[in-house]
Amino acid sequence: MVDYIWIVIALPLAGAVFLHFFGSRLREPIAGVIATSTVGLSFFYALIAAADFFSGTGEAETVHLFDWIPTLGANAELLWDPLSAVMTLTVTGVGALIHLYSIGYMHGDPRFGRFFTGLNFFTASMLILVLADNFGALFVGWELVGLSSYLLISFWFQKPSAAAAGKKAFIVNRIGDVGFLIGLMLILANFNTLTYGTVLADPARFVTAGTATAITLLLLLGAAGKSAQIPLYFWLPDAMEGPTPVSALIHAATMVTAGVYMVARTASLFELSGFAAATVATVGAFTALFAATIALMQRDIKRVLAFSTISQLGYMFLAVGTGAYVAGIFHLFTHAFFKALLFLGSGSVIHAMGDEQDMAKMGGLAKVMPVTHLTMVIGWLAIIGIPPLAGFWSKDEILALAFGAGGWFTFLWVLGIITALLTAVYMTRWMYLTFWGEARWDDGVDPHESPAVMTLPLVGLAVGSAAFGLLNTPFHGPFKPAFEHFLEPSFEAIEMAHLPSGSTPWFLALISIAAAAGGALFAYRRYQGAEAFDTAPVAAKRTGVWRWVTNGYYVDDIIGNLLVLPGKLVAAWTAFVLDTEIIDGSVRAIGGGVRRISGWLRPVQTGFVRNYAVVTFAGVVGLLVWFVSQGAG
Amino acid sequence: MEVTAGWYLALGAVLFVIGAGGMLLRRNALVMFMSIELMLNAVNLTFVAIGRHVGDLNGQVAVFFVMVVAAAEVVVGLAIMISVFRRRASASVDDLAVLKG
């Protein structure tokens with residue numbers, strides 16, 4: 001089974017190639033059915049291939065496909081270990097449900113087939129990323145998911161905002177990739193190979209702590225770009241311009257977790273540098289808090305979730321930076337379910353409201369969309385961390401481990417708890433404005449429950465969001481930490497963070513449950529009193545700090561004016577002054593000079609044969625005179 | 001009065017100058033051609049006269065070369081002129097100034 005693990009990548013890739021050429025000729029649901037089945041088959045294949053890991057007898061295996069750049073240790077080789085298995089199952093499992101949902105969501109789109117080409121292509125790229133056995137192949141997958149993300153964000157490219165959002169995502173990711181690529185070059189310079197086996201087995205033999213710090217900080221920059229962390233987070237909210245299934249699959253469940261996966265994969269490098277690991281955790285905790293505050297004030301149903309995603313990715317960074325790799329991957333896993341669920345639910349709402357995304361014009365949808373509402377309640381409880389839903393187990397483990405790490409990490413734990421409180425506030429606000437309270441629909445809007453092809457994936461993801469937290473509880477007994485046990489072989493040599501001893505974890509859990517419940521209650525009461533939700537532009541009314549928060553601290557404006565504007569000015573100068581005036585000008589000056597000089601000589605060529613003959617004659621006479629005078633001398 | 005080589009040389013010089021003058025002053029291509037022939041034959045006369053004067057046959061040998069080359073040149077030149085005339089219905093070289101700078 002494992003020898004043919006490349007089938008997992010080949011199926012969606014073949015789907016993408018096939019749909020690229022024939023997708024537009026197929027009748028509507030067929031392209032979607034093909035795309036969904038390739039990803040679904042990949043999921044089942046991966047599930048069977050991972051059977052040995054479930055039973056605890058599996059070992060990491062490397063599958064050599066073909067030589068690519070053998071001198072760099074970068075060959076087409078796949079690594080099948082518990083970590084890549086978890087990632088593969090998440091990508092294909094959640095991905096298949098989102099593919100299925102897209103059949104309903106993209107109904108009637110003139111480029112229906114092309115959309116599934118993109119989704120399948122993305123899935124194949126992501127699988128290359130997680131299954132790669134060396135940094136070279138990882139980088140190929142890394143860039144391919146960036147490309148497919150760009151293509152899918154600007155899928156509705158006729159909208160200028162969507163085209164601009166795609167460009168923004170691509171360029172911001174490129175900034176991170178520069179750091180990532182330099183990091184890879186440093187690895188190559190120090191280890192002489194890019195293969196995981198050599199680099200990650202015992203990096204202390206090759207590099208000092210200082211070099212490891214440099215490498216890991218550069219890798220972190222790449223991870224921050226892909227996973228939307230400070231300072232490169234600001235592309236993700238704009239990426240919501242893409243179709244909602246794209247937001248769910250790429251910008252919530254899978255691609256944005258690539259940074260977390262990469263840090264977890266290179267755990268042994270981060271272990272060498274306490275500073276780099278602490279930086280990862282700090283970036284994560286601050287991003288989590290920062291994004292959560294912005295999410296409080298958004299009106300767009302998807303932008304709330306986008307900032308929420310950034311915030312949750314911050315938790316994952318906090319985890320892997322603390323050394324809680326299993327907790328980080330576990331949160332990645334549960335988050336994939338409940339955030340994909342929330343996004344698909346918001347897509348269902350947008351669909352029902354006739355492409356309305358402003359929550360000020362929603363409300364009271366619980367009655368007309370019972371299935372969507374019920375699944376969203378599960379997603380809401382999961383993300384704010386109410387036991388026994390998935391988000392509680394994964395988020396709480398991260399927080400408890402951060403607290404247990406002590407020192408600086410205790411402060412990060414405080415940030416995490418505040419974030420948990422804010423998460424409860426903004427998610428309850430999100431639920432209230434969308435599903436509860438009075439209906440504030442525009443005239444002529446007639447919401448209706450979505451078709452079964454869309455609600456079925458919602459139910460599937462809701463089950464996952466509700467139940468999969470039990471895969472890794474701290475209790476012994478029937479719910480022994482199965483997930484941790486499963487991942488153990490991947491982190492054998494890594495020293496993991498430990499939970500605080502005694503009854504402390506219980507108190508920590510109570511604190512975070514209290515924060516979640518308190519936040520939810522506060523938000524519920526706050527919006528219950530505000531039945532007549534003000535539909536005037538919120539940003540115009542807000543004053544002081546709230547105005548800053550509503551506008552995302554004006555980060556987009558600051559970056560626009562501080563970095564993008566000078567860049568545009570330089571580009572305009574090179575285009576309209578340097579190129580047209582200086583370079584083209586000098587070329588034109590040389591040409592003009594030659595033309596002017598030749599202008600002086602032109603009259604010599606009269607075109608009259610007689611004139612030439614006279615000159616010839618004069619020349620002959622002159623020569624004659626000269627010879628004669630020489631002869632005479 | 002005895003006709004010496006000097007007379008022939010003088011005649012050659014006169015013919016050459018007439019030819020050169022015709023070449024430089026006339027515009028009709030045919031007349032210019034005839035002028036060139038005149039100049040060539042003036043030189044031929046000079047060769048023969050000098051050859052006879054110094055008792056060397058090489059002067060006459062050179063003349064044969066000139067005559068052969070002149071014949072070939074006339075063939076090419078007349079062919080060009082005919083094709084030009086067909087196109088322009090004029091034999092004036094002043095009309096052929098397309099290479100003017």
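The following legends describe close-up views of a predicted model.

**Figure 1. Overall composition of chain A in the predicted model.** Chain A contains 26 helices and two strands. The C-alpha trace of chain A spans about 130 × 65 × 55 Å along its principal axes. Of its 633 residues, 51% count as buried. Among the contacts in chain A with a separation of 6 or more, 81% are accounted for by residues 24 or more positions apart.

**Figure 2. Helix α15 (residues 301-322) of chain A.** The 22 residues of α15(A) should span 32 Å at 1.5 Å a residue, and the end C-alpha atoms are 32 Å apart, so the model agrees with the expected length. The helix is mostly covered, with 22 of its 22 residues buried. Gly323(A) follows α15(A) and has a positive phi, near 95 degrees.

**Figure 3. Packing of helix α4 (residues 82-105) against helix α5 (residues 112-131) in chain A.** Two packed helices are described by the angle between their axes and the distance between the axes. For α4(A) and α5(A), the angle is about 175 degrees and the axes are 9 Å apart. Because angles over 145 degrees count as roughly antiparallel, α4(A) is roughly antiparallel to α5(A). The contact of α4(A) with α5(A) comprises eight nonpolar, six polar and no charged residues. From α4(A), the participants are Ser84(A), Met87(A), Thr88(A), Val91(A), Gly95(A), His99(A) and Ser102(A). These meet Phe115(A), Leu119(A), Thr123(A), Met126(A), Leu127(A), Val130(A) and Leu131(A) in α5(A).

**Figure 4. Helix α25 (residues 555-601) of chain A and its kink at Leu578(A).** At 1.5 Å a residue, the 47 residues of α25(A) should span 69 Å; the end C-alpha atoms are 65 Å apart, which agrees. A kink of about 45 degrees is centred on Leu578(A). This helix is hardly covered, and the count of buried residues among its 47 residues is zero.

**Figure 5. Contact between chain A and chain B.** Chain A contributes 12 residues to the contact, and chain B contributes nine. On the side of chain B that touches chain A, six residues are nonpolar, one is polar and two are charged.

**Figure 6. Surroundings of Ala79(B) in helix α3 (residues 58-88) of chain B.** Ala79(B) has 10 other C-beta atoms within 10 Å and is therefore exposed, the cut-off for that class being 12 or fewer. Leu99(B) lies 20 residues from Ala79(B) along the chain, and the C-alpha atoms of the two residues are separated by 20 Å.

Conventions:
Residues are numbered from 1 along each chain as its sequence is written. Chains are lettered from A and ligands numbered from 1 in the order in which they are written. This is a predicted model: local features need pLDDT of at least 70, side-chain atom pairs count only at pLDDT 80 or more; totals for chains, interfaces and linings use all residues. Helices (H or I, at least four residues) and strands (E, at least two) are DSSP runs, numbered from the N terminus. The expected span of a helix is 1.5 Å times one less than its number of residues. A residue is buried if 20 or more other C-beta atoms lie within 10 Å of its own, exposed if 12 or fewer, and partly exposed in between; C-beta atoms are placed from the backbone. Two residues are in contact if their C-beta atoms, placed from the backbone, lie within 7 Å. Ala, Val, Leu, Ile, Met, Phe, Trp, Tyr, Cys and Pro count as nonpolar, Asp, Glu, Lys and Arg as charged, and the others, Gly among them, as polar. Axes are lines fitted to C-alpha atoms, for helices over the stretch in contact, and angles run from 0 to 180 degrees between N-to-C directions. Angles under 35 degrees count as roughly parallel, over 145 as roughly antiparallel, 65 to 115 as roughly perpendicular and the rest as oblique. The bend at a residue is the angle between axes fitted to the seven residues ending there and the seven starting there.
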